[in-house]
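Trainee: I should like to study a protein model with you, step by step. May we look at the sequence and the structure together?

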Amino acid sequence: MNKMGQAIICKGLKKQLGNFTLDYPVFTVAEGTVHGLIGANGSGKTTTLKLLLGLLRQDAGDVSVLGSTNIGVDDQARNSIGFMVDGAGIPSMLNPIELGRLFQSLYTYWDASYYQQLLMQFHLDAKKPYRKCSRGMKVKIQLALALSHNAKLLILDEPTSGLDPVSRDEIITLLSRYSEDENHTILISSHITSDLEKLCDYVTFLEDGKIRLSSEKDELLERYRLIQIPSTRIADVEPNTIKGRRDGQFQSEFLMRTEEVPPFGEAQRVTLEQIIIMLSVGGDWS
Ligand SMILES: Nc1ncnc2c1ncn2[C@@H]1O[C@H](COP(=O)(O)OP(=O)(O)OP(=O)(O)O)[C@@H](O)[C@H]1O
């Protein structure tokens, strides 16, 4: 992992869309890392990625992606970024072969044979127009297009959503392989936390347009433990140490900082999903 610089830097980023306000004092993605954006529906993941790609214009603040502050008009930056967001940039009447030709004309370093290989690997019908493809097929076509011009940075919105388990695993493996090159960076949004747990070095949790937590994944998984406490011992737990809780009839399950686990509690390791659920339902993010 190369932590020489930042592939993405946002400062004072603000965007208002109807009643929704996105507000990030600071958000960064380190070069050579895989960074996951997690958040409930409507928390601002797609809006974030569109702002980074210049598909939306911010109301305030600075965005720098691979050193460019305006990637919409910066050819070099555009060549270095592969993205999939909401089917943006895909003329839906074209089939995968025609899309390949179009992208070849747009990207300097287009790798036609790798694109062909991905179409075959994904079992895609190269002659079926994009608009007639299933949701899963569309995701795969977008991924094949994003991965075939030797991009240094991938910005991917929900690349595994709508895919069957085998296809999801295939995509995770493909992205893992891509990330082995220390010059490659991925920013990926998803609500499938198990996918992000496999893939990411860093995770950022969004809630209602705000960054609640941004951390190295392994550090985060070490930071918390789940504890089962019988109802009879709950009064012995210092309330400030309970970061999240789920109460059952005879016992409660607490999310606690690892160093604050009481000696009478049986501590278990947590998954990213458990951390999010426990913190999101009235938990203490501090
Ligand atoms: N053009 C728009 N006009 C008004 N509100 C918008 C517009 N685009 C997005 N929003 C609102 O901004 C909020 C954030 O939307 P966004 O698509 O970024 O969320 P998300 O985290 O990607 O959600 P999901 O997981 O459902 O894809 C939502 O409340 C959405 O309704």
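**The ligand shell, the core and the domains**

Mentor: The shell around the ligand divides into 2 nonpolar, 9 polar and 1 charged residues. Here Ala, Val, Leu, Ile, Met, Phe, Trp, Tyr, Cys and Pro count as nonpolar, Asp, Glu, Lys and Arg as charged, and the others, Gly among them, as polar. Please note that this is a predicted model: local features need pLDDT of at least 70, side-chain atom pairs count only at pLDDT 80 or more, and totals for chains, interfaces and linings use all residues. Residues are numbered from 1 along each chain as its sequence is written.

Trainee: Which helix gives the largest share of the shell around the ligand?

Mentor: A residue is near the ligand if its C-beta atom, placed from the backbone, lies within 6 Å of it. The residues around the ligand include Gly44, Lys45, Thr46, Thr47 and His191. Helices (H or I, at least four residues) and strands (E, at least two) are DSSP runs, numbered from the N terminus. The largest share, 3 residues, comes from helix 1 (residues 45-52).

Trainee: Where does the largest nonpolar core lie with respect to the two domains?

Mentor: Such a core is a set of buried Ala, Val, Leu, Ile, Met, Phe, Trp, Tyr and Cys residues joined through C-beta atoms within 7 Å; buried means 20 or more other C-beta atoms within 10 Å of the residue's own, exposed 12 or fewer, and partly exposed in between, with C-beta atoms placed from the backbone. The largest one has 72 residues, and Ile81, Ala144 and Ile155 have the most contacts inside it. Helix 5 (residues 135-147) gives the most to this core, with 8 residues. Domain 1 (6-208) and domain 2 (220-280), whose bounds come from an automatic or database domain assignment, both give residues to this core, so it lies between them.

Trainee: Which element gives the most to the side of domain 1 that touches domain 2?

Mentor: In all, 7 residues of domain 1 are in contact with 5 residues of domain 2, contact being C-beta atoms, placed from the backbone, within 7 Å. Two elements give two or more residues to that side of domain 1, namely helix 7 (193-199) and strand 8 (202-207). The most, 4 residues, comes from helix 7.

Trainee: Is Glu238 buried or exposed?

Mentor: Glu238 lies in the loop between strand 10 (224-230) and strand 11 (242-247). Because Glu238 has 9 other C-beta atoms within 10 Å, it is exposed.

Notes. Contact = placed C-beta atoms within 7 Å.
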